[in-house]
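Grab a coffee and work through these exercises with the structure open beside you. Try each task before you read its solution.

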Amino acid sequence: MSTETIAPREYQIYSGDDLRTNVLEISMGPQHPSTHGVFRMDVSLDGETVVKLKPVFGYLHRNHEKIAETTSYLGSMPYTDRLDYFCSMTNNWAYALAVEKMAGLAVPERAEYIRVIMAELTRLQNHASLVGFLTNDLGASGTPLLYAIREREHILDLFEWASGARMMCNYMRFGGVRNDLPSGWLAQCKKVVDDFPAFMDEFETLLTGNEIILSRCQNVGVLPRDLAINASITGPCLRASGVDYDLRKVDKYGIYDRFDFKVPLGSVGDCYDRFMIRLLEMRESVKILKQALATIPEGPVNDSKARNFRPKPAEAYGRIEGPKGELGFYLVSDGTPKPHRYHVRPPSFINLTVLEDMCLGQKIADAVIVLGSIDIVLGEVDR
Amino acid sequence: MTPINPDQLIVQLTQWALSFLDSYPLVAVLVAILLSTVPLIAVFPGCFAITTWLERKGLARIQNRIGPNRTGPLGILQPAADGIKMLLKEDIVPKTSDRLAHFLAPVVLMVPAFTILSVLPFNRNMIPAAVDTGVILFFALGSVSTLAVFMAGWSSRNKYSLLGGMRAIAQMVSYELPLVLSGVTVIMMTGSLDTTKIVAQQQLSEWIQSSNAGLQCLGQIIGWNVFTPWGFAGFLIFFVASLAEINRCPFDLPEADSEIVAGHLTEYSGFKYALFFMSEYVSAFAINGLSTTLFLGGWSGPNIRPPWSDDPNALLIPGFVWFFAKMFALMLVMIWIRGTLPRLRVDHLMGFAWKFLLPLAIMNIFVGGFYYYAPRWHGIPVVGWPIGFLVMYLSYECIGRLNRGPKTAQRVYHYAS
Amino acid sequence: MIITFSILSAIAVISALLAVRLRNLVHATLTLMAFFVALAGLFILLMAEFLAAVQILVYVGAVGILILFAIMLTQQVTGNVKEHIEAHGALWGLAGATAVLLTLLLPAILKTALPLQPVVETIDPSVRALGLNLMAPYTIALQVIALLLTAALLGAVVIAISPEKSEEEKKS
Amino acid sequence: MTLLPTNTSFAADEGLRSELQKAGVFVVSLEWVYNWGRKSSIWPLGFGIACCAIEMICTAAARFDLSRFGAEVFRPSPRQADLMIVAGTVTKKMAPQVIRLYNQMPEPKYVIAMGACAISGGPFKQGYNVLKGVDRFIPVDVHIPGCPPRPEALLHALMTLQRKIENQRTLGSDARRTNPAYRGENRECPIPEFGEHDLVPPYNPEVWKPHTIVREA
C-alpha cells in the first residue's frame with residue numbers, strides 16, 4: 001500500500017441555472033450487507049436519489065461452464081448444485097432434462113413424481129427465504145427471515161434424508177433420480193406440506209398488511225410489461241408484471257400437465273407485486289405437492305444404463321421453470337464423453353439486466369429492495 | 001430522628017451524611033454534587049448493560065431462538081464480555097479522517113446524554129439538579145446529540161458515514177418539533193417547566209393523604225396525564241418522535257445496515273464504538289424517563305403509606321422503583337418494535353414528521369387548551385374528556401387519511417386462465 | 001465562582017477567535033458552537049438557566065446545525081490554504097476595533113464600583129415572570145417577531161419549491 | 001465467593017489456586033478475564049460470498065442459534081467485527097476485497113475459512129479464476145472442511161476458536177512473542193493485484209509457503 005495521504009474529497013457545486021449539488025458516487029459491494037453475495041452496484045446519488053446505477057459482476061466467477069466442458073456429463077451434475085445454491089434440485093432437473101433430450105432417455109413414472117415433489121419443495125423454501133431476505137433488506141432485524149429459515153430447515157431435512165446433503169443434493173440423474181426415497185420419507189413430506197400453509201398464514205398476517213411494507217414496496221421499482229418482455233425477464237418477476245408465462249404450463253415438461261394449479265399474475269409490476277406473487281406461488285406449490293404426494297406410483301426410479309455414456313453429435317436445450325425463472329442448459333455434443341459446449345441460461349443474471357431501469361429515480365433504500373425483489377443468487381449470475 | 005420512611009431512605013441517608021459536613025460548606029457542596037452525580041454515572045451504564053442483554057434475549061425470543069446462554073446464568077454476563085472485548089479492541093482512526101472531530105464525536109454524544117438525566121425526578125426529593133427549567137434544559141441538551149452524530153458522520157470521511165450524518169441531521173431536527181410540541185401541552189397544563197412540579201401535578205394529593213389504602217393507590221395513578229385525551233395523544237406522539245430522536249427502529253435510518261452499512265458508525269471501532277453504543281442507550285433511557293415524567297406520572301405508582309409512619313407523604317415502595325419500572329417497560333416496547341417492524345424510507349420519514357405528527361401535536365395543544373377551560377362537574381372533566389378525545393381521534397383519522405393518498409392499498413390478485 | 005467564570009470566558013474567547021481564524025469551515029463552525037456552549041455556561045452563572053437553555057436549543061441545536069448544513073453545500077470545506085487574505089494593516093484594524101469597543105464600554109466600566117459587590121437579587125428570574133412579561137407588555141413585539149419568522153419560513157418554502165417546478169416545466 | 005484479579009504468575013500456580021478454591025476463594029487472573037470476554041463475544045463480519053453463506057445464516061437462525069455463544073451480532077462494518085468467516089469461493093477478482101476487509105478489521109481479529117472453496121478452491125480448484133485457498137493471503141485460524149459444511153461444523157469451528165482464544169496470552173512479554181495481535185507490528189496483509197497470469201504476488205509469504213515436494217533421486 002502506498003503511504004501518501006489521500007487528500008480529503010472536496011464536494012463541488014457545478015453551477016448551472018439553479019443551485020445544484022454534486023452527485024455522490026458510491027460503490028455498494030462486493031461486501032455490502034444487502035447485495036445478496038458479492039454483487040456490486042456502482043451507484044451515483046443525487047442526495048438520496050439514484051441517478052445512475054451500474055451493476056458489476058464477476059466476483060464469483062467460478063468457471064462453471066469451462067469446468068463442465070472438461071468433465072464427463074455426469075461429472076457436471078454436482079457443479080449444477082452450486083449454480084443457484086438455494087435450488088440445487090431444480091438445477092439438477094434442468095441439466096438432466098437437457099441431457100435426456102440430447103440422448104433420448106426416458107424417465108420412469110415414479111422418478112417424474114419425485115422430481116416434481118423435489119422441485120416444488122425447492123420452490124417453497126426458495127420463495128420463503130426470499131421473502132425473508134426481502135424484509136431483511138427493508139430493515140426488519142431478521143425476524144421474518146429467521147421464521148422462513150425455521151421452515152426451510154424442515155424441507156432441508158427432507159432433502160438430506162433423500163439425498164444425503166442439505167443443500168448440495170446432487171440427487172437427479174439422467175433418466176431418473178439417484179436412489180429411491182427412503183421408507184417413511186413420503187409420510188414425513190406429507191406432514192411438512194400439510195404444516196406449511198399454517199406458516200404461510202402466519203407469514204402473510206405479519207407481512208402483507210404492514211403499513212411500512214405497503215408504503216415501501218408499492219409503486220417502487222416498477223417493471224413495465226413491455227420492458228419485461230423485451231428484456232426476456234422470466235419467472236415471478238415477469239408474472240408480477242402481468243405476463244402469463246409459466247414454463248410448467250407452456251412446456252408442460254415432466255408431468256406438470258397432470259396437476260391442477262394456477263398461475264398468479266400481478267398488475268403493476270412493482271416490488272409489492274413481486275413479493276405477493278411469490279407468496280401466492282407458494283400456495284400453488286403446496287397444491288401441486290399435495291396432488292403429487294397422493295398419486296405417486298411405485299416403480300423404478302432410474303435408468304441404470306444411463307451412467308457414463310457417449311451421446312451422438314447433437315445439440316439440446318433443456319429448460320424448466322426454476323423458482324427464479326427460466327433455467328436452461330444448452331449442450332452441444334461432439335460424440336465424446338464430454339460436452340463440446342455447455343452453456344447455462346441463468347434466470348437471475350438475465351433478470352438483473354433491468355436493475356438500472358427499475359432503480360433510476362428511486363431512493364437508495366429502494367435500490368436495495370428492488371435488488372432483493374429480483375431474487376438473485378450470485379452463483380448463478382457469475383457462474 | 002425522623003422515623004424511617006422507605007420511600008425517602010436514600011434522601012434521608014444523604015442528608016444524614018451531609019449533616020456531618022455542616023461546618024465545611026465548600027466540602028459539603030462538593031460532596032453533595034458527587035452524591036447526586038456519581039449514582040447517575042454508576043446506575044445508568046448498569047441499566048445499559050441490562051438492556052443490551054434484554055435486547056439480545058428479547059430479540060432471540062421473538063425470533064424463536066435462545067439467545068446468549070454461555071456467559072453466566074441465562075447469559076446475564078454477556079454485556080460484561082462485550083464490554084471487556086470492546087475495551088481490548090484496537091482503536092482504528094482512518095488515515096484521512098478528521099482526527100479531532102472523530103475523537104470528540106462520542107464524547108459530545110455522551111456528555112449531554114448523561115447531563116440530561118440530571119433533570120429527571122427519580123423520586124420525591126430525589127432529583128440531581130432541581131432546576132426551574134428542567135424540561136427545556138432537557139430538550140436543549142438533547143438537541144446537541146444531533147451535532148455529535150453529524151461530527152461522527154462527517155469526520156469519518158466515508159461516504160456511508162456522510163450519508164448517515166446527513167440523514168441524522170434531517171431526521172433529528174424534524175422530529176424535535178413534534179417531540180417538543182407534544183411536551184409543550186403538558187407544560188401548558190401544568191404551568192411549569194419544572195419536572196418535579198409536573199410529577200406533583202399528576203398526583204391527587206387529597207386522595208394520597210387520605211387514610212384509605214385504595215384511595216392512596218388510586219390517587220397515585222388516576223391523575224397521570226396519559227389518562228387524559230391530550231395526554232394520551234401527546235404520549236403516543238412523544239413516544240414515536242422519541243424513537244426517531246434516538247435513532248431506534250423503525251427510524252434507524254442513520255445507521256441503516258441494509259442500505260448504508262452502519263451509517264455514521266461505520267468507521268468507529270473498539271471503545272469509541274462502545275461509547276457511541278452506550279450513549280445511544282443512555283439517551284434512550286433519558287427520553288423514556290422524560291416521557292415517564294411528563295405522561296406516566298413519573299415516580300408515582302400504586303403505593304400505600306407505611307403503617308408505622310404518620311407523615312402524610314410517606315410511601316412504602318420507593319418511588320424510583322416505579323420510575324425505573326416504567327422506563328424499562330418503555331425500553332421493552334422499543335425492543336419489541338425493533339424485532340417487529342421494518343424500516344421507513346427517508347422521504348416517508350420526513351413526511352411522517354411534518355405532515356402527520358406535527359399537525360397532530362399542534363392539534364393536541366388546542367385540545368389541551370379546551371380541556372383546561374371546559375366546564376367541570378365536581379372537578380371531573382365531563383365535557384373536556386369526551387369532546388377532547390373525539391377531536392383527537394377525528395384529527396388522527398383525517399390527517400391520516402389525507403396523508404395516505406390513493407397509492408398504498410391491499411391489492412387483489414388474479415390467476416391466469 | 002470566579003474560577004468558573006475565568007475558565008468559561010477563556011473558552012469563549014479562545015473558541016471565538018478560533019472560529020474566525022480556522023481555515024476549515026466545519027472546524028470553524030464546531031468552535032463557534034463551543035463558544036455558544038461557553039456562553040450558555042456564563043448565563044447559568046448569572047442564574048439565567050432559561051436563557052442558557054434557549055441559547056443551546058436555538059444556537060447549538062438549530063443555528064449551528066443550519067450552518068453545518070449550509071457548509072455541506074459549499075465548494076471547499078477545507079479552505080484554500082495558499083490564498084490567505086493578506087493582512088495589511090491588521091494592527092491598525094485591531095487598534096480601531098479596540099478603540100470602538102472601549103468607547104462603547106467606557107461609561108459602563110466607569111460607573112461600576114470596584115471591587116465588585118455581590119449583586120442583590122432585584123429581578124425575578126423565573127420563567128413564569130418571563131412568560132408573563134412576554135405576554136403582557138411585549139405582546140406586540142412578540143407578534144411582530146412571530147410574523148417575521150413565519151414570513152421567513154414561507155420564503156424558505158417558496159425557494160425550496162421553485163427549482164422543482166421549473167424542472168417540471170422543462171419536462172412539459 | 002471473591003474474584004481476585006492477580007498477576008499471571010500467581011494465577012499459574014495451580015496448587016495454590018486449588019487450595020484457595022477449597023477455602024471458597026476463587027482466584028481468577030486478569031488474563032483469564034480478558035480471554036473470557038474476548039471468547040464470549042465474537043462478533044462476526046456479516047459477509048457471505050457463496051453457498052456457505054447460506055449455511056452461515058442457517059447457523060445464526062433458530063435451529064442452530066449462534067447467539068448462544070454471544071456471536072449473533074453480525075456487524076455490517078468490518079471496523080466492529082472480530083471474526084471474518086470466509087464463507088464461499090474466493091475468486092481472484094474477489095481476493096483483494098477479502099484481504100482489504102481483513103485489513104480493515106481491528107486487532108485482535110480472527111478468520112474462519114468455511115468450506116472447501118475457502119480452504120483450497122474446493123470443487124472449483126481447477127478453475128482459472130479461483131483462488132486456491134484464502135490462507136495464501138490471510139492467516140486463517142480455523143479451517144472447516146465440507147461443501148458446504150453443516151451448521152454444526154461452523155459451531156464446532158467457533159468453539160475451536162474459543163479454545164484458541166482461551167489459551168492465548170494477552171499480558172506480559174509472552175503475549176508479545178506468542179500472540180500475533182499483540183506483536184505491535186503492522187499486521188496489514190499486502191493486497192494483490194491482477195498480473196499477467198495470476199495475482200501478484202501469488203501468495204503472502206508471511207502466512208503461507210508453497211509446499212516443496214522432495215523427490216527421490
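## Exercise 1: a loop residue in chain A

Task: place Asp375(A) among its helices, then decide whether Asp375(A) is buried or exposed.

Solution. Start with the location: Asp375(A) sits in the loop between helix 14 (364-374) and helix 15 (378-382) of chain A. Helices here are DSSP runs of H or I with at least four residues, strands are E runs of at least two, and both are numbered from the N terminus. Next, the backbone: phi of Asp375(A) is positive, about 70°, although this residue is not a glycine. Last, the surface: Asp375(A) counts as buried because its relative accessibility is 6% (buried is under 20% relative accessible area, exposed over 50%, partly exposed in between, with a 1.4 Å probe and protein chains only).

Before you go on, some housekeeping: this is a predicted model, where local features need pLDDT of at least 70, side-chain atom pairs count only at pLDDT 80 or more, and totals for chains, interfaces and linings use all residues. Residues are numbered from 1 along each chain as its sequence is written, chains are lettered from A and ligands numbered from 1 in the order in which they are written, and side-chain values use heavy atoms, leaving out hydrogens and water.

## Exercise 2: where chain B meets chain A

Task: describe the contact between chain B and chain A, from residue counts down to a salt bridge.

Solution. Count first: chain B brings 40 residues and chain A brings 60, contact meaning heavy atoms within 4.5 Å. Then the area: about 4100 Å² is buried between the two chains, and carbon and sulfur atoms give 56% of that. (Buried area is the accessible area, 1.4 Å probe, that two parts lose on being put together, summed over both.) Arg411(B), Tyr413(B) and Tyr415(B) supply 17% of the area that chain B buries against chain A, more than any other three residues.

Now the charges. The rule finds 1 salt bridge across this interface, taking a side-chain nitrogen of Lys or Arg within 4 Å of a carboxyl oxygen of Asp or Glu. Asp366(A) and Arg345(B) form it, with their closest N and O atoms 2.8 Å apart.

Finally, the strands: strand 6 (residues 264-265) of chain A pairs with strand 1 of chain B, antiparallel, over 2 bridges; pairing requires at least two DSSP bridges. Opposite Leu265(A) you'll find His414(B).

## Exercise 3: two residues in one loop

Task: compare the surroundings of Arg65(B) and Leu74(B).

Solution. Arg65(B) lies in the loop between helix 2 (25-62) and helix 3 (78-88) of chain B, and Leu74(B) lies in the loop between helix 2 and helix 3 of chain B too. Arg65(B) is buried, at 7% relative accessibility, whereas Leu74(B) is exposed, at 58%. Leu74(B) also has a positive phi, near 55°.

Now follow the side chain of Arg65(B). One polar contact, of 2.7 Å, goes to the side chain of Gln63(B), and another, of 3.0 Å, goes to the side chain of Ser67(D). (A polar contact is a pair of N or O atoms within 3.5 Å; within protein, one must be able to donate a hydrogen and the other to accept it, and residues adjacent in sequence count only if both atoms are side-chain atoms.)

## Exercise 4: prolines in chain D

Task: which peptide bonds to Pro108(D) and Pro148(D) are cis?

Solution. Glu107(D) and Pro108(D) are joined by a cis bond, omega about -10°. The bond from Cys147(D) to Pro148(D) is cis as well, with omega near -10°.
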